[in-house]
Amino acid sequence: MSTTPTLARLREFVQELAALLQRNPTEPDVLERGGALLGRLVAHDDWLPAAYAKPHPDRYQQYLLHADALGRFSVVSFVWGPGQSTPIHDHTVWGLIGMLRGAEVAQHYAKTPEGRWAPEGAPTRLLPGQVEAVSPRIGDVHRVSNALANQTSISIHVYGANIGAVERSVYLEDGTRKPFVSGYSNTELPNLWDLSAERNAALRAATATSQPAP
């Protein structure tokens with residue numbers, strides 16, 4: 001896919017997050033500073049290609065947008081059809097969730113002394129532009145659902161690994177653990193690095209301004 005002017009927002013986010021991680025920050029710094037970067041990205045709903053915003057009638061979709069070559073992070077669009085939700089699950093790495101379109105509800109879970117999983121605290125409703133964090137340090141087990149019964153919702157997730165290749169767990173409320181590896185819904189990536197359209201537009205603009213007036 002050729003780059004479009006709006007894909008520049010995603011490209012800038014990827015570059016800035018990579019620069020942040022290059023400095024070997026602590027996890028709290030990653031969540032704070034990375035969360036601010038993600039907040040800037042999801043403040044605009046004009047950059048996500050349509051191919052990575054398509055819902056599925058039966059299940060939510062997890063589209064990979066970018067995987068860091070060193071495995072330090074991945075960027076994923078989660079597309080929720082009306083009423084769709086995840087099971088109770090974990091991540092095992094830090095994660096940031098930014099709401100791009102619609103709304104979603106996240107309910108955190110904690111293990112009881114009897115070994116069952118029960119809701120912990122009130123559910124969190126995430127609206128466009130808002131960001132929340134997860135990690136084994138601050139709370140890593142939750143269930144997420146589309147808050148809207150009649151429209152698609154989309155959130156942008158950033159994880160501290162290639163999340164589609166990480167062995168994680170789904171939990172039943174009785175405490176049963178089921179390991180899984182999520183993979184991704186897409187087999188192709190948006191091309192963030194083709195700058196030709198933007199550079200040619202700049203050249204045309206420069207040429208037009210340099211022409212003498214008639």
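**Helix packing and local environments in the predicted model**

Asn 24 lies in the loop between H1 and H2, and in this predicted model the residue is exposed, with a relative accessible area of 68%. The phi angle of Asn 24 is near 55°, a positive value in a residue other than glycine. Most residues other than glycine have a negative phi, and the positive value at Asn 24 comes after the end of H1 in the chain. A second case is provided by Thr 92, which is not a glycine but has a positive phi of about 75°. Thr 92 is placed in the loop between strand S3 (88-89) and S4, and with a relative accessibility of 36% it counts as partly exposed.

The protein as a whole contains three helices and 12 strands, and its C-alpha trace spans about 85 × 40 × 30 Å along the principal axes. Of its 214 residues, 43% count as buried. Where contacts between residues at least 6 apart in sequence are considered, 75% of them join residues at least 24 apart.

The two helices that flank the loop of Asn 24 were examined in turn. H1 has 16 residues, for which a span of 22 Å is expected at 1.5 Å a residue, and the 23 Å between its end C-alpha atoms agrees with that value. The buried residues of H1 are Leu 7, Leu 10, Arg 11, Phe 13, Val 14, Leu 17, Ala 18, Leu 20 and Leu 21, a set in which Arg 11 appears alongside residues such as Leu 10 and Phe 13. These buried residues pack against H2, against the strands S1 (61-67), S2 and S10, and against helix H3 (196-210).

Helix H2 (residues 27-42) also has 16 residues, and the 21 Å from its first C-alpha to its last is close to the 22 Å expected at 1.5 Å a residue. Its buried residues are Val 30, Leu 31, Gly 34, Gly 35, Leu 37, Leu 38, Gly 39, Leu 41 and Val 42, with the glycines Gly 34, Gly 35 and Gly 39 included among them. The partners against which the buried residues of H2 pack are helix H1 (7-22) and the strands S4 (95-101), S8 (131-134) and S10 (153-159). Strand S10 is thus packed against by buried residues of H1 and by buried residues of H2.

The axes of H1 and H2 come within 10 Å of each other and cross at roughly 170°. Because an angle over 145 degrees counts as roughly antiparallel, H1 is assigned as roughly antiparallel to H2. On the side of H1 the contact is made by Arg 9, Leu 10, Glu 12, Phe 13, Glu 16, Leu 17, Leu 20 and Leu 21, and on the side of H2 by Val 30, Arg 33, Gly 34, Leu 37, Leu 38, Arg 40 and Leu 41. The residues of this contact divide into nine nonpolar, one polar and five charged. Several of the participating residues of H1, including Leu 10, Phe 13 and Leu 17, are also listed as buried.

A further link to H2 is provided by Arg 137, which is located in the loop between S8 and strand S9 (142-146). Beyond its neighbours within four places in sequence, Arg 137 is in contact with Glu 27, Pro 28 and Leu 31, and the side chains of Arg 137 and Glu 27 are joined by a polar contact of 2.7 Å. By comparison, the C-alpha atoms of Arg 137 and Arg 199, 62 residues apart along the chain, are separated by 44 Å.

Two residues within strands were also considered. Ser 74 lies in strand S2 (residues 74-80) and, at 0% relative accessibility, counts as buried. Its side chain reaches the backbone nitrogen of Ile 163 at 3.3 Å. When neighbours within four places in sequence are left aside, Ser 74 is in contact with Leu 64, His 66, Ala 67, His 157, Val 158, Tyr 159, Ala 161, Asn 162, Ile 163 and Tyr 184.

His 108, found in strand S5 (residues 104-111), is buried as well, with a relative accessible area of 18%. Not counting residues up to four places away in sequence, His 108 touches Ala 118, Pro 119, Glu 120, Glu 132, Val 134, Gly 139, Val 141 and His 142.

Key
Residues are numbered from 1 along each chain as its sequence is written. This is a predicted model: local features need pLDDT of at least 70, side-chain atom pairs count only at pLDDT 80 or more; totals for chains, interfaces and linings use all residues. Side-chain values use heavy atoms; hydrogens and water are left out. Helices (H or I, at least four residues) and strands (E, at least two) are DSSP runs, numbered from the N terminus. Buried means under 20% relative accessible area, exposed over 50%, partly exposed in between (1.4 Å probe, protein chains only). A polar contact is a pair of N or O atoms within 3.5 Å; within protein, one must be able to donate a hydrogen and the other to accept it, and residues adjacent in sequence count only if both atoms are side-chain atoms. Contact means heavy atoms within 4.5 Å. The expected span of a helix is 1.5 Å times one less than its number of residues. Axes are lines fitted to C-alpha atoms, for helices over the stretch in contact, and angles run from 0 to 180 degrees between N-to-C directions. Angles under 35 degrees count as roughly parallel, over 145 as roughly antiparallel, 65 to 115 as roughly perpendicular and the rest as oblique. Ala, Val, Leu, Ile, Met, Phe, Trp, Tyr, Cys and Pro count as nonpolar, Asp, Glu, Lys and Arg as charged, and the others, Gly among them, as polar.
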